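Here is a protein chain to walk through together. Take a moment to turn it around before reading on.

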Amino acid sequence: MPANSDTNLPALLAGPIVRHCDKSQANFWFVTSKKYPVHCRLITKDSQTLLFNQLLKEEHQTIPIGQHAFINLVTIKFINDLPENSSI
(Lines give C-alpha, C1' and ligand atoms only; values in the text may rest on other atoms or scores of the structure.)
Protein backbone atom coordinates (compact mmCIF):
# COMPACT_ATOMS: atom_id res chain seq x y z
CA MET A 1 0.00 0.00 0.00
CA PRO A 2 1.30 3.49 -0.79
CA ALA A 3 1.65 6.14 1.91
CA ASN A 4 -1.29 8.44 2.60
CA SER A 5 -0.08 11.63 0.83
CA ASP A 6 -2.46 13.82 2.89
CA THR A 7 -0.73 13.03 6.19
CA ASN A 8 2.61 11.37 5.37
CA LEU A 9 1.37 8.41 7.42
CA PRO A 10 1.98 4.94 6.05
CA ALA A 11 -1.07 3.33 4.48
CA LEU A 12 -0.87 0.33 6.83
CA LEU A 13 -0.69 1.33 10.50
CA ALA A 14 -1.18 -2.07 12.19
CA GLY A 15 -1.52 -5.67 11.13
CA PRO A 16 -2.58 -7.64 9.29
CA ILE A 17 -3.54 -10.04 12.05
CA VAL A 18 -5.19 -13.39 11.34
CA ARG A 19 -8.12 -13.58 13.76
CA HIS A 20 -9.38 -16.98 12.64
CA CYS A 21 -8.67 -19.39 9.84
CA ASP A 22 -9.99 -22.81 8.98
CA LYS A 23 -10.39 -24.70 5.71
CA SER A 24 -13.56 -22.81 4.70
CA GLN A 25 -13.01 -19.24 5.93
CA ALA A 26 -10.43 -16.70 7.15
CA ASN A 27 -10.79 -13.53 9.21
CA PHE A 28 -8.21 -10.72 9.19
CA TRP A 29 -7.87 -7.41 11.02
CA PHE A 30 -5.69 -4.41 10.14
CA VAL A 31 -5.63 -0.63 10.54
CA THR A 32 -5.08 1.84 7.67
CA SER A 33 -4.55 5.61 7.61
CA LYS A 34 -7.52 6.13 5.28
CA LYS A 35 -10.29 4.07 3.71
CA TYR A 36 -8.94 1.88 0.89
CA PRO A 37 -10.49 -0.71 -1.42
CA VAL A 38 -9.07 -4.06 -0.39
CA HIS A 39 -7.83 -6.88 -2.60
CA CYS A 40 -6.93 -10.26 -1.19
CA ARG A 41 -4.32 -12.62 -2.53
CA LEU A 42 -3.53 -15.96 -0.92
CA ILE A 43 -0.59 -17.93 -2.22
CA THR A 44 1.06 -21.15 -1.16
CA LYS A 45 4.74 -21.37 -0.29
CA ASP A 46 5.17 -22.83 -3.81
CA SER A 47 3.81 -19.54 -5.25
CA GLN A 48 0.52 -21.11 -6.35
CA THR A 49 -2.30 -18.53 -6.19
CA LEU A 50 -5.30 -19.84 -4.26
CA LEU A 51 -7.31 -16.62 -4.27
CA PHE A 52 -6.95 -13.18 -5.85
CA ASN A 53 -9.85 -10.74 -5.93
CA GLN A 54 -11.22 -7.42 -4.75
CA LEU A 55 -13.30 -8.01 -1.68
CA LEU A 56 -17.06 -7.62 -1.82
CA LYS A 57 -18.91 -5.28 0.55
CA GLU A 58 -20.04 -8.19 2.73
CA GLU A 59 -16.44 -9.46 3.02
CA HIS A 60 -14.85 -6.14 4.09
CA GLN A 61 -16.03 -3.79 6.82
CA THR A 62 -14.25 -0.49 7.58
CA ILE A 63 -14.72 1.24 10.94
CA PRO A 64 -13.33 4.77 11.37
CA ILE A 65 -11.73 5.22 14.80
CA GLY A 66 -10.20 8.64 14.17
CA GLN A 67 -9.47 11.10 11.38
CA HIS A 68 -6.55 8.99 10.10
CA ALA A 69 -7.28 5.51 11.47
CA PHE A 70 -9.63 2.90 10.02
CA ILE A 71 -10.07 -0.62 11.33
CA ASN A 72 -10.56 -3.09 8.49
CA LEU A 73 -12.35 -6.34 9.26
CA VAL A 74 -12.12 -8.94 6.51
CA THR A 75 -14.02 -12.23 6.33
CA ILE A 76 -13.34 -14.47 3.36
CA LYS A 77 -15.42 -17.57 2.78
CA PHE A 78 -13.71 -19.91 0.35
CA ILE A 79 -15.56 -21.64 -2.49
CA ASN A 80 -13.11 -24.55 -2.27
CA ASP A 81 -11.63 -25.62 1.05
CA LEU A 82 -8.08 -24.53 1.76
CA PRO A 83 -5.45 -27.25 1.87
CA GLU A 84 -4.87 -28.51 5.41
CA ASN A 85 -1.44 -28.66 7.08
CA SER A 86 0.04 -26.28 4.46
CA SER A 87 1.63 -22.85 4.71
CA ILE A 88 -0.23 -20.06 2.92
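Where does Glu84 lie relative to β6? Glu84 sits in the segment after β6. Keep in mind, as you look for it, that this is a predicted model.

Let's stay with Glu84 for a moment. Is Glu84 buried or exposed? Its relative accessible area is 58%, and because anything over 50% counts as exposed, Glu84 gets that label. You can also use Glu84 to get a feel for distances: Ile63 is 21 residues away from Glu84 along the chain, and the C-alpha atoms of the two are separated by 32 Å.

Now step back to the whole chain. If you go hunting for helices, you'll come up with 0, while the strands number 6. Reading along the sequence, then, you simply get β-β-β-β-β-β. The C-alpha trace spans about 40 × 25 × 20 Å along its principal axes.

How much of the chain is tucked away from the surface? Of the 88 residues, 31% are buried. As for what's on the outside, the accessible surface comes to about 6,300 Å², and carbon and sulfur atoms hold 51% of that. Charges are part of the picture too: there are 8 positive and 7 negative side chains, with the centres of the two sets 5 Å apart.

The chain also brings distant parts of its sequence together. Take the contacts with a separation of 6 or more: 49% of them link residues 24 or more positions apart.

Next, look inside. In soluble globular proteins, nonpolar side chains tend to be buried together. Here the largest nonpolar core has 12 residues, among them Phe28, Phe30, Cys40, Leu51, Leu55 and Ile76. Strands β2 (25-32), β3 (39-43) and β6 (69-77) each give two or more residues to this core, and β2 gives the most, with 3.

Cys40 is a handy spot from which to explore that core. Which residues does Cys40 contact, leaving aside neighbours within four places in sequence? The answer is Leu51, Phe52, Asn53, Leu55 and Ile76. Of that group, Leu51, Leu55 and Ile76 are core members along with Cys40.

Finish with His39, which lies in strand β3. His39 counts as partly exposed, because its relative accessibility is 48% and partly exposed covers the range between 20% and 50%. Not counting residues up to four places away in sequence, His39 touches Asn53 and Gln54. Asn53 is thus a contact of His39 and also of Cys40. Asn85 is another matter: 46 residues from His39 along the chain, its C-alpha atom is separated from that of His39 by 25 Å.

How values were computed
Residues numbered from 1 in each chain as written. Predicted model: local features only at pLDDT ≥ 70, side-chain atom pairs only at ≥ 80, totals over all residues. Heavy atoms only, no water. Helix = DSSP H or I, 4+ residues; strand = E, 2+ residues; numbered from the N terminus. Buried < 20%, exposed > 50% of the residue type's maximum accessible area, 1.4 Å probe, protein only. Contact = heavy atoms within 4.5 Å. Areas by Shrake-Rupley, 256 points an atom, 1.4 Å probe, with all protein chains shown as cover. Lys, Arg positive; Asp, Glu negative; His and termini not counted. Charge placed at Lys NZ, Arg CZ, Asp CG, Glu CD. Core = buried A, V, L, I, M, F, W, Y, C linked by side-chain atoms within 4.5 Å.
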